[in-house]
Amino acid sequence: MKIINVVGTRPNFIKIAPVMEQMLESDGIDPILLHTGQHYDANMNQVFFDQLGIPRPDIDLGVGSGSLASQVAEIIKRFDVALDKEKPAAVLVVGDVSSTVACALAASYRRIPVIHVEAGLRSFDMDMPEEINRLLTDRLADLLFTTEPCAGVNLKREGVDPDKIHFVGNVMVDTLLKHRRVANETSGVLDRFGLEKRNYAVMTLHRPSNVDHKDVLTPIMQAVAEISQKIKIVFAVHPRTEKKMREFGLDNLSDSIILAGPQPYLDMLQLMDHAKMVLTDSGGMQEETSVLGVPCLTIRKNTERPVTVEEGSNTLVGTDRDTIARAADEILCGGGKDGRCPELWDGHAAQRIVNVIREWGPSLINSGGR
Ligand code: UD1
């Protein structure tokens, strides 16, 4: 059973690593790795392959950056050519990025079954391109793997056949649990930035809704500058955000904000593991901090990952300056959630996925995905 596994962006690499590993060990599955090229900078791309031991992609579409529509269009065009040549039995996509929806759509037009890992998450916020990507991908998918119970509820409410939905846990957590020890042993990132354990905060921010508008980014960065007067902050800044901060004159607000670029996986894991708190608008980091038991302040009004708030260590703080600063103060005064690890986030999600694919594969393929 030839399966094309699609990756395009940083979080996709983290999610596909354990899936590829399990597939390569499994009889009867011939996995192909396809990179769309959506993320291409070495520090957002190659370093993840090296550190996570992901095989070199068999196919690289090399699409690069562009507007959302042009990026999706280009991926569909180039992926269609790859599908024609490879004729896979199924296409597996992960997460909610442009590459996910584009490849799901191209495969569906050819009636090739689509497998979606991390299905059913909903922020109910159509201002996020990821919500559009999630809805469309799940509508097209033939086999849907979920990370938390609420995702299954969402899918059933949308009319997805319950037989197609499998609650398997979280592949991002498989990768975290596998690499936590090695990150502790090999990463010198704390020394490099002069950090003491539990005496610094880590931050990322890259959502267009947070960083593209001056009137939104300014209060966020003012809150961060205020917090940095009390605790050092390592800001692993995304290229998009760095550009906007410079444009809005927000790149020099405090000497206690360390403007580090995107961090390699093991360094980021080490930074999160020993932080006093994490400030972020990333989806994956809400999950990772919940597993690590580190308080996370999510700079968004909503989350598609409610289990991280209900059970994990995540708190939604929105984008208001005072609310963000107050929530950070609470953690600095000894408050903040440590939470507990959600159900099935145990390091075996990829194994469960591959077991289901092996069981379901033949009937899925015979039905032409329907
Ligand atoms: C994408 C995903 C987002 C995910 C994030 C993880 C979509 C719609 N968004 O956002 O859901 O959380 O990845 O990081 O798919 N750039 C570089 N180098 C790179 C890649 C991008 O400099 O290697 C710059 C370019 O200026 C580009 C911009 O970042 O225009 C945005 O990149 P893009 O891939 O479109 O989206 P992300 O913001 O990274």
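**Exercises on a pocket, a cavity and a ligand**

**Exercise 1.** Divide the residues of the lining of the largest pocket into nonpolar, polar and charged.

*Solution.* The count is 20 nonpolar, 18 polar and twelve charged residues (nonpolar: Ala, Val, Leu, Ile, Met, Phe, Trp, Tyr, Cys and Pro; charged: Asp, Glu, Lys and Arg; polar: the others, Gly among them). The model is predicted: local features need pLDDT of at least 70 and side-chain atom pairs pLDDT 80 or more, while totals for chains, interfaces and linings use all residues. Residues are numbered from 1 along each chain as its sequence is written, and side-chain values use heavy atoms, without hydrogens and water.

**Exercise 2.** Describe the largest pocket by its volume, its lining residues and the helices that supply them.

*Solution.* Step 1: the volume, the space filled by probe spheres set on grid points joined across faces, edges and corners, is about 1,200 Å³. A pocket is an open set of points on a 1 Å grid over the protein atoms alone, with protein on both sides within 12 Å along at least five of seven lines; lining residues have an atom within 4 Å of a point.

Step 2: the lining has 50 residues, and Arg10, His39, Met44, His206 and His238 lie nearest the centre of the pocket.

Step 3: at least two lining residues come from each of α1 (10–25), α3 (68–86), α5 (129–140), α11 (239–247), α12 (265–273) and α13 (283–292) (DSSP runs of H or I, at least four residues, numbered from the N terminus). Of these, α1 gives the most, with five residues.

**Exercise 3.** Locate the ligand and list its closest residues and its polar contacts with Gln71, Ser98 and Glu130.

*Solution.* Step 1: the ligand sits in the largest pocket (more than half of its atoms within 2 Å of the grid points). To the shell around the ligand, α1, α3 and α11 give two or more residues each.

Step 2: the ligand is surrounded by 19 residues (a heavy atom within 4 Å), with Gln38, His39, Glu130, His206 and His238 the closest. This shell divides into six nonpolar, eight polar and five charged residues.

Step 3: in each polar contact (N or O atoms within 3.5 Å), the ligand uses an oxygen atom. The distance is 2.5 Å to a polar side-chain atom of Glu130, 2.9 Å to a polar backbone atom of Ser98 and 3.5 Å to a polar side-chain atom of Gln71.

**Exercise 4.** Find how much space lies in the largest cavity and name residues that line it.

*Solution.* Step 1: a cavity is a set of grid points where a 1.4 Å probe fits but cannot get out. The structure holds one of 30 Å³ or more, and the largest cavity has about 50 Å³ of space.

Step 2: its lining includes Lys15, Glu118, Phe145, Asn170 and Ile353, and divides into five nonpolar, three polar and two charged residues.

Key: A polar contact is a pair of N or O atoms within 3.5 Å; within protein, one must be able to donate a hydrogen and the other to accept it, and residues adjacent in sequence count only if both atoms are side-chain atoms.
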